[in-house]
Structures are given as structure tokens and as C-alpha cells.
Amino acid sequence: MSNALGRICGRATNSICHMQRSGRAITRTAPFQRLASSNSDGTAGGPELSMALIQEKLRKARLERNNARSTLFRGLISSLKYEALRQQKTDLAPIDITRIVQENVKQRAESVAQFEKAGRRELAQSEKDEIDMLQELLPRQMTEEEIEKVLRAVSKETKSEKLADIMKHVNQNRTFDPAKAPRDLVTRVAKACFSTR
């Protein structure tokens with residue numbers, strides 16, 4: 001974990017019911033239930049992620065003769081079709097599509113680190129560009145600091161700083177939307193902040 005997150009974990013944070021981020025509020029109608037983001041009129045922020053939406057992005061990329069975007073979205077569609085075949089489904093649920101997009105982002109982030117370590121700046125930049133394109137498909141991702149604040153609030157509510165207690169509460173109450181806060185990231189932040197004993 002980075003030193004920055006370590007410093008964050010050392011600071012006391014208050015229980016939060018409302019967080020402002022980029023002009024949009026995260027609210028909970030009851031303590032620590034699923035986080036939901038909305039526009040000022042209460043509607044959801046953007047269309048639901050689907051194969052059709054990604055196919056439309058591919059179509060536009062082809063019309064614009066954008067080879068990088070075409071290649072990326074064509075590869076993503078192939079991955080989604082393979083996953084649908086593996087699950088023996090005609091169509092994947094939005095949560096499955098989101099998970100695969102997030103996995104693709106994670107893989108490229110790992111490649112960026114490897115390329116930068118090897119001094120391959122051009123290849124690293126290419127991976128970063130693909131990450132930016134993939135993130136167009138995802139809702140705004142929660143930062144480690146935002147996740148940590150929510151976990152601290154859960155700790156205060158449960159009167160426990162044990163990792164097992166925190167994660168049990170998080171999982172039972174679906175505290176985080178996996179489209180905005182991938183499970184592995186939530187777990188990593190929680191392990192850095194709470195005792196495993």
C-alpha cells in the first residue's frame with residue numbers, strides 16, 4: 001500500500017451520510033446500504049452497460065477510422081462473447097460486463113507498471129490510452145480515500161476495527177456498488193486499515 005494511503009488510514013474520519021464528488025452526491029437512504037449515484041434530478045447517471053452500447057462504440061470508431069478504438073472494442077466484444085459462451089448465456093448481465101471491463105483495466109494497469117519499470121514509455125502510454133477508453137464504459141470509480149472513509153464509518157457503526165467484522169458487514173449489506181468500487185480494491189484498502197486479528 002502506498003505511503004499516501006498509510007497516512008490516510010492513520011487519520012480519524014467521521015461517519016458520512018453524504019459525500020460530494022464532482023457535483024454529484026453519494027447518499028444512503030439507510031446506514032451503509034449500497035452506494036448510489038444520481039444526477040440532480042434523481043435519475044441514473046448514464047445508460048446501463050450492455051453489449052449493444054459497446055457495439056455502438058465500435059461502430060462509431062470504425063466510421064471515424066480510429067484503429068486504436070476499433071481494435072480495443074472489437075477485442076472487448078470478443079471477450080464478452082467468450083464469457084457468454086462459457087456461462088451458456090445468450091446475453092451477459094450488466095454486472096458481468098462491468099466486471100470484465102474492470103478486469104481489462106486492471107490488466108492494462110499492471111502492464112503500464114511493467115513497461116514503465118522497463119523504460120518502455122511508448123508502450124506504457126499505449127496501455128494508458130486503452131485504460132482511458134475502457135473507463136468511458138464505467139461509472140466514476142471511487143478513490144481509495146473515498147472507500148477508506150466509508151469503511152471507517154462502517155467500523156464506527158459496528159464498533160469494531162477487526163477486518164473480518166468490517167468485511168462481513170460490507171458483504172452482507174452490499175455497502176459498495178461493484179461497478180464503482182471493485183471488490184479487490186475494497187479488500188486491499190480494508191486490509192491496510194484494519195487489524196486481521
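# Close-up views of a predicted model

**View 1. D91 sits in a loop between two helices.** D91 lies in the loop that joins α3 (67-86) and α4 (94-117). The model shown here and in every other view is predicted. Is D91 buried or exposed? D91 counts as exposed, because its relative accessibility is 58% and the exposed class begins over 50%. S50 is a useful landmark for this view. Along the chain, D91 and S50 are 41 residues apart. In space, their C-alpha atoms are separated by 8.9 Å.

**View 2. The whole chain is built from helices and strands.** Step back for a moment. The protein chain has eight helices and three strands. In what pattern do they follow one another along the sequence? The pattern reads α-β-β-β-α-α-α-α-α-α-α. The chain has 197 residues, and 36% of them count as buried. Now take the contacts in the chain with a separation of 6 or more. Residues 24 or more positions apart account for 64% of these contacts.

**View 3. L58 of helix α2 is buried.** L58 lies in helix α2, which covers residues 51-63. Its relative accessibility is 8%, so L58 counts as buried. Which residues does L58 touch, leaving out those up to four places away in sequence? They are S70, F73, R74 and I77. L76 gives a distance to check. The C-alpha atoms of L58 and L76 are separated by 9.9 Å. Along the chain, L58 and L76 are 18 residues apart.

**View 4. T71 of helix α3 is partly exposed.** T71 has its place in helix α3. At 47% relative accessibility, T71 counts as partly exposed. The cut-off for exposed is over 50%, so T71 does not reach that class. L58 from the previous view returns here. The C-alpha atoms of T71 and L58 are separated by 8.5 Å. In sequence, T71 and L58 are 13 residues apart.

**View 5. K57 of helix α2 is partly exposed too.** K57 is found in helix α2. With a relative accessible area of 22%, K57 is partly exposed. The buried class ends under 20%, so K57 falls outside it. What does K57 touch, not counting residues up to four places away in sequence? K57 touches R69, F73, E136 and L137. F73 also gives a distance. The C-alpha atoms of K57 and F73, 16 residues apart along the chain, are separated by 7.3 Å.

**View 6. R108 is a buried arginine in helix α4.** R108 is found in helix α4. Is R108 buried or exposed? R108 is buried, because its relative accessible area is 15% and the buried class runs under 20%. Leaving out residues up to four places away in sequence, R108 touches L72, E127, E130, I131 and L134.

**View 7. R65 and R174 both have a positive phi.** Most residues other than glycine have a negative phi. R65 is not a glycine, yet its phi is positive, at about 55 degrees. R65 has its place in the loop between α2 (51-63) and α3. With a relative accessible area of 73%, R65 is exposed. Where is the place of R174? R174 is in the loop between α7 and α8. Phi of R174 is also a positive value in a residue other than glycine, near 50 degrees.

**View 8. Helices α6 and α7 cross.** Helix α6 covers residues 144-158, and helix α7 covers residues 163-173. Their axes come within 10 Å and cross at roughly 105 degrees. That angle makes α6 roughly perpendicular to α7, because roughly perpendicular covers 65 to 115 degrees. Which residues make the contact? From α6 come L151, V154, S155 and T158. From α7 come I166, H169 and V170. The residues of this contact are four nonpolar, three polar and no charged.

**View 9. A pocket is lined by residues of α7 and α8.** The second largest pocket holds about 170 Å³ of space. Its lining consists of M167, V170, N171, R174, T175, F176, P178, A181, R183, V186 and T187. Which elements give two or more residues to this lining? They are α7 and α8 (183-193). The lining residues divide into six nonpolar, three polar and two charged. Two of the names have appeared before. V170 takes part in the contact of α6 with α7. R174 has the positive phi near 50 degrees.

How values were computed: Residues numbered from 1 in each chain as written. Predicted model: local features only at pLDDT ≥ 70, side-chain atom pairs only at ≥ 80, totals over all residues. Heavy atoms only, no water. Axes fitted to C-alpha atoms, helices over the stretch in contact; angles between N-to-C directions. Helix = DSSP H or I, 4+ residues; strand = E, 2+ residues; numbered from the N terminus. Parallel < 35°, antiparallel > 145°, perpendicular 65-115°, else oblique. Contact = heavy atoms within 4.5 Å. Nonpolar A, V, L, I, M, F, W, Y, C, P; charged D, E, K, R; others polar. 1 Å grid on protein atoms, 1.4 Å probe; cavity = no way out; pocket = protein on both sides within 12 Å on 5 of 7 lines; lining within 4 Å. Points joined across faces, edges and corners; volume = space filled by probe spheres on them. Buried < 20%, exposed > 50% of the residue type's maximum accessible area, 1.4 Å probe, protein only.
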